[in-house]
Amino acid sequence: MSETTPSSRPRDGAGTRSRQQIFSALIGRTGVLAALILLIIVSSFLNDRFLSVPNLMNVLRQVSIVGILAVGMTFVILTKGIDLSVGSILGVSVVLFAGILETQSMAVAIPLGILAAMALGLVNGLGVAFAGIPPFIMTLGMLSFARGLAFIYTGGTPIPILDEAFFNLGNGYTFGVPNPTLILLGTLLVSGFVLTQTPFGRSVYAIGSNEDAARLSGVPVGLYTTIVYVISGGVAGISGLVYASQLSVGTPIAGQAYELDAIAAVVVGGTSLFGGKGSVTGTLIGTLIIGVLANILNLTGVDPFVQQLFKGALIVVAVFIMARSSRA
Amino acid sequence: MRGATMTDLLLDARGLTKRFGDNVVLRDVDLSVAPGEVHAIVGENGAGKSTLIKILGGVHRADGGSMRLEGREISLSSPQAALDHGIVVIHQELSLAPHLTTVENIFLGHFLRNAFGMLDHRRMRARTDELLKRLSIDIDPTIPVGRLSIAQQQMIEIAKAISVRAKLLILDEPTAVLDANRVDTLFELIGRLKSEGIGVVFISHHLEEIFRIADRVTVLRDGSRTGTEPVRDVDHDWLVSRMIGREFESYTSKQRQRGEVVLELEGLSSEGAFEAISLQVRAGEIVGLAGLIGAGRTEVAQAIFGVRKHSGGTMRLNGAAVRLSGPRAATRRGIAYVSEDRKAFGLLPNRPVRENMTISNLARFTSFGVLRLSRERAFVREQIEELDIRLSGMQATISTLSGGNQQKALLGRALAGRPKVLIFDEPTRGVDIGAKREIYRFIEDLAEEGAAILVISSEMEEVIRLSDRIIVMRSGRVAAELQRAEASEETIMRAATMA
């Protein structure tokens, strides 16, 4: 059992940490960040344009949509769940924004679109938490269902968005930073605060770590699990906001397969699919690693087909390293 | 064994040493086992028992020392190598495939095949029957083992080991999961192994078992061997003093001040689990709930804690009838429950000790919806001090702690809710003697401070030592209520087993 681990030894534990433990701590805490920094350094040598401000801003703008989705996904994965429906929910919110903007103002369209996304998340949450449907199945069903809603709403034809203020949301800059990036950072800060500084956030980790123990400790597991899926849905709505505004068109195919990119970002960022371990900071770094890699591959003119290979390998290698280090 | 020459020995390990980094966890340990001998190893958690087993089982490689099996030097590079030499380790967590039958489990990895290369079910069945008969194990070998009891599964594991011609069987705390009757059956089985010339290394926290079953005993403390003697030459006090390095202070019961009835059950029933349970626990009182495994004790605790619905009867808290909707409601009413199954229902395994200790009452550390981390840390620091939890820091992941320290952390968690009623279900399961005494003291202190306490335990010694009153359950009913003075292992056992 654990009696061989130094930390179980009387009080002298801190002084005698083994090399393995230090290694795994480094990987866990700063390893992902180190990987990002390394990637940036290497990239800056590979291409002069990489470190230019316009290019970096470009990267930040490009990762925003998936980054926002990944922040919501982090909540779900921390509870040992998965949300495959975020891409489709994003699609629903996108067509709703476009459709409502045809007749209404932004002040009506934005809340309605996000509320609709939250409602779909609520259905996921109720299914998982109270009907006992496995998250994978529940959200796989929603992936199809929500996409269907988006198609039905538009009749299959994209709805153009003409509202200029709305266009600005996704394409403008504030204090020199792209708006989508600010929205990502805002989502991230709020989420990080909720996860680390509130009883709800603490409970999310507890549910993922051991649901039964959390329940016996008085954590309202059903309610909180439901809320987690509502958050994931709502955040997909926010992401849809950026998407609709950037493209200025409400297309029913918006966000297809984005759920997979979001999951990849979360996992590369060090959040465990087995629940209870991870952070939104990690997710941001994971998002950036994937974004920077795509960017430098583009800049150096790597064939887009080959880029897919890099991305796939990155995900597997990242998880492999983390699995090794957490076993140590 | 005295007088045995080296070649008579089945296993002769000398000078085994193991380091993890700078930490020497096993220092120059000798261990020998003769054929047909049961050699017990005792020691507190952290004494090096597990490391020793892991070396014998080929999981760890020793940094120093040598091992001989039947006189020949062996080197175990992997668990498979140990198996190939006939050394089989049976862990507390059994490694059977639950969906397969006994026959399939026993032949897993070396299925018998017929002339066409297909599985030869008939021959495997016949061999299994023969094996089970030889070991007097009475189970149906054709049902999935997951449907059998833990005790039966354990026997199948042992039978499986015998089927691969084990010479040395290492049983790591085999009795921890068994109740008294089942322990008898296990010991009978071990007796039959002895007569077949198989050597057994037996690990247990229950010293009385050592006296029943072992021929020799080796005591470990802090990674070193502090003694090896024939069991008939030693007594309980000797073992304990070797284990903890000092004389075991005998316990004197303090008379506690008892207050009002805090928890009262009247005719509480739950279909299929227990019936017409009535009991009272006063402030400052420790009531023991004794009985065999399966008598319904844990189910009663679950009903009190609101995890299990009761179909009849009343539960009163401070005189007022209550019906609790779940653990959350129970916690709010000042009830705390420490589960018997630490791993399944207690630990948040990959979270820090700090978070593990406060999850039961985060509201206490929250103002305006935000956690006050400094307040939380202060509470945790206090509990770590109070319970003497040994760790590198409150940020340490709880699964890296020893069993005793994990349990203490969960006791600390129970206190986060400032409970008036505490239910401890097997509070010292898988915990070493040192931590055990500290846990007893902790429970007694709580009672002295006026908490009403219900202790469920399958260990007679423990119930007798802790309780002011003992309620014995049998088949879901209260079989007897014993005052401290009339409680003994005999009276409890009689009530628990006889109608």
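## A walk through chains A and B

Start by selecting Asp12(B) and Ser32(B): Asp12(B) stands opposite Ser32(B), which sits in strand 2 of chain B. Keep in mind as you click around that this is a predicted model.

**Stop 1: the strands around that pair.** Now select residues 11-20 of chain B, which make up strand 1. How many bridges join strand 1 to strand 2 of chain B? There are 7, and the two strands run antiparallel.

Zoom out a little and you'll find that these strands belong to an open sheet of 4 strands in chain B, with the order 2-1-4-5 and antiparallel pairing. Which strands are at the edges? Colour residues 23-33 (strand 2) and 72-74 (strand 5) of chain B: each of these pairs on one side only. If you look at how neighbouring strands of the sheet are turned against each other, the average is 30 degrees, ignoring direction.

Next, pick residues 49-56 of chain B. That's helix 1, and it lies across strand 1 and strand 2 of chain B. Its angle to strand 2 of chain B is about 60 degrees.

**Stop 2: the two domains of chain B.** Give residues 6-244 of chain B one colour and 261-497 another, and you have domain 1 and domain 2. Their centres, taken over C-alpha atoms, are 33 Å apart. Where they touch, domain 1 of chain B gives 11 residues and domain 2 of chain B gives 12.

Stay on the domain 1 side of that contact. Helix 6 (180-195) and helix 8 (236-244) of chain B are the elements that give two or more residues to it. Helix 8 of chain B has the largest share, with 3 residues. What kinds of residues are on this side? The mix is 5 nonpolar, 4 polar and 2 charged.

**Stop 3: the nonpolar cores.** The largest nonpolar core has 171 residues. Select Leu69(A), Val92(A), Ala262(A), Ile453(B), Val455(B), Val472(B) and Ile492(B), the members that touch the most others. Then centre on Ile492(B): leaving aside neighbours within four places in sequence, its contacts include Ala290(B), Met460(B), Val463(B) and Leu482(B). Another core, of 62 residues, lies apart from the largest one; try Ile41(B), Leu56(B), Ile203(B) and Ile210(B), which are among its members.

**Last stop: chain A.** Show chain A as a cartoon and look for 13 helices and 4 strands. Chain A has 328 residues, and 53% of them count as buried. Among its contacts with a separation of 6 or more, 77% are between residues 24 or more positions apart.

Terms used. Residues numbered from 1 in each chain as written. Chains lettered and ligands numbered in written order. Predicted model: local features only at pLDDT ≥ 70, side-chain atom pairs only at ≥ 80, totals over all residues. Core = buried A, V, L, I, M, F, W, Y, C linked by C-beta atoms within 7 Å. Buried ≥ 20, exposed ≤ 12 C-beta atoms within 10 Å, placed from the backbone. Contact = placed C-beta atoms within 7 Å. Domains from an automatic or database assignment. Nonpolar A, V, L, I, M, F, W, Y, C, P; charged D, E, K, R; others polar. Pairing = 2+ DSSP bridges. Axes fitted to C-alpha atoms, helices over the stretch in contact; angles between N-to-C directions.
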